[in-house]
Amino acid sequence: MTFVPTLLLLCTVLFALRVFGQVIVALWAPRWLPAMEHWYSGLMPYRYLLPAQLALLALMAVIVADVYRAEGLFVMAWWESLATPLRLTAGIYFLSMVLRYVLTMVFKPERRWFKRTIPIWFHMVLATALWSFGTYHSL
């Protein structure tokens, strides 16, 4: 499956756009981007969320670099033993976000389809990245 590294890269780029889009909104609030309350659920204050997102983005970038170079910590053979648990975790993560979206639509129909659901969609992107990483090691 040669598309797996590309999918992992795509997920990383999409997550980077999400993180930097939110930074732009936090700093300048341009009218062409959704308002700040659309970008995150508020469960974690943004001053803590942003460093966590940047750390995750850096990790994802290192993983992508290792995969494309076919060398480094994240392509070592011992990851193969974690391929199935990674994919299973990714599947549960993704399906839980689908459930979260369905429940949001049921209990907060004013948010249809994309209003204040950016976090849900990007958790799905992260779940897809995790699945891609696990799939890479199962090939």
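# Close-ups of a four-helix chain

Buried residues make up 37% of the 139 residues in this chain, where buried means under 20% relative accessible area, exposed means over 50%, and partly exposed is in between (1.4 Å probe, protein chains only). Before you zoom in, know that this is a predicted model: local features need pLDDT of at least 70, side-chain atom pairs count only at pLDDT 80 or more, and totals for chains, interfaces and linings use all residues. Residues are numbered from 1 along each chain as its sequence is written, and side-chain values use heavy atoms, with hydrogens and water left out.

**View 1. The whole chain, before the close-ups.** Count the secondary structure and you get 4 helices and 0 strands. Helices (H or I, at least four residues) and strands (E, at least two) are DSSP runs, numbered from the N terminus. Going along the sequence, the pattern reads α-α-α-α. Measure out a box along the principal axes, and the C-alpha atoms fill roughly 45 × 35 × 25 Å. Contact means heavy atoms within 4.5 Å; among contacts between residues at least 6 apart in sequence, 67% join residues at least 24 apart. The chain exposes about 8500 Å², and carbon and sulfur atoms supply 73% of that. Accessible areas like this one come from the Shrake-Rupley method with a 1.4 Å probe; for residues, only the protein chains shown count as cover.

**View 2. His137 and its neighbours.** Look for His137 in the segment after α4 (118-136). Is His137 buried or exposed? It counts as buried, because its relative accessibility is 7%. A polar atom of the His137 side chain lies 2.8 Å from the backbone oxygen of Phe74. Leaving out residues up to four places away in sequence, His137 touches Phe74, Val75, Met76, Trp79, Glu80 and Ala83.

**View 3. Helix α3, inside and out.** Helix α3 covers residues 83-107. How far apart should the ends of α3 be? At 1.5 Å a residue, its 25 residues should span 36 Å, and the end C-alpha atoms are indeed 36 Å apart; the expected span is 1.5 Å times one less than the number of residues. On the buried side of the count, α3 has Ala83, Leu86, Ala90, Met97, Tyr101, Thr104 and Met105. Those buried residues of α3 pack against α4. Thr84, also in α3, is exposed because its relative accessible area is 61%. Thr84 and Val125 sit 41 residues apart in sequence and 19 Å apart in space, C-alpha to C-alpha.

**View 4. A nonpolar patch on the surface.** Phe94, Leu95, Val98, Leu99, Val102, Leu103, Val106 and Phe107 make a nonpolar surface patch of about 740 Å². Patches are made of residues with over 30% relative accessible area and no salt bridge: like charges are joined within 9 Å, and nonpolar side chains (Val, Leu, Ile, Met, Phe, Trp, Tyr) within 5 Å. Take Leu103, which is found in helix α3: it is partly exposed, with a relative accessible area of 39%. Here's a handy bit of background: an α-helix has 3.6 residues a turn, so residues three or four places apart point the same way.

**View 5. Salt bridges around Arg69.** How many salt bridges does a search of the whole structure find? The search turns up 2, where a salt bridge is a side-chain nitrogen of Lys or Arg within 4 Å of a carboxyl oxygen of Asp or Glu. One of them joins the side chains of Arg69 and Asp66 (2.5 Å, N to O). Arg69 and Asp66 are separated by about one helical turn, because they are 3 residues apart in helix α2 (residues 46-69). Glu71 and Arg69 also meet through their side chains (3.3 Å, N to O), and Asp66, Arg69 and Glu71 are linked in a network. Asp66 is buried at 5% relative accessible area, Arg69 is partly exposed at 46%, and Glu71 is partly exposed at 48%.

**View 6. Two alanines with a positive phi.** Ala29 has a positive phi of about 45° although it is not a glycine. You'll find Ala29 in the loop between α1 (3-28) and α2, and it counts as exposed at 53% relative accessibility. Ala70, not a glycine either, has a positive phi of about 60°. Ala70 lies in the loop between α2 and α3 and is exposed, with a relative accessible area of 57%.

Definitions and conventions. A polar contact is a pair of N or O atoms within 3.5 Å; within protein, one must be able to donate a hydrogen and the other to accept it, and residues adjacent in sequence count only if both atoms are side-chain atoms.
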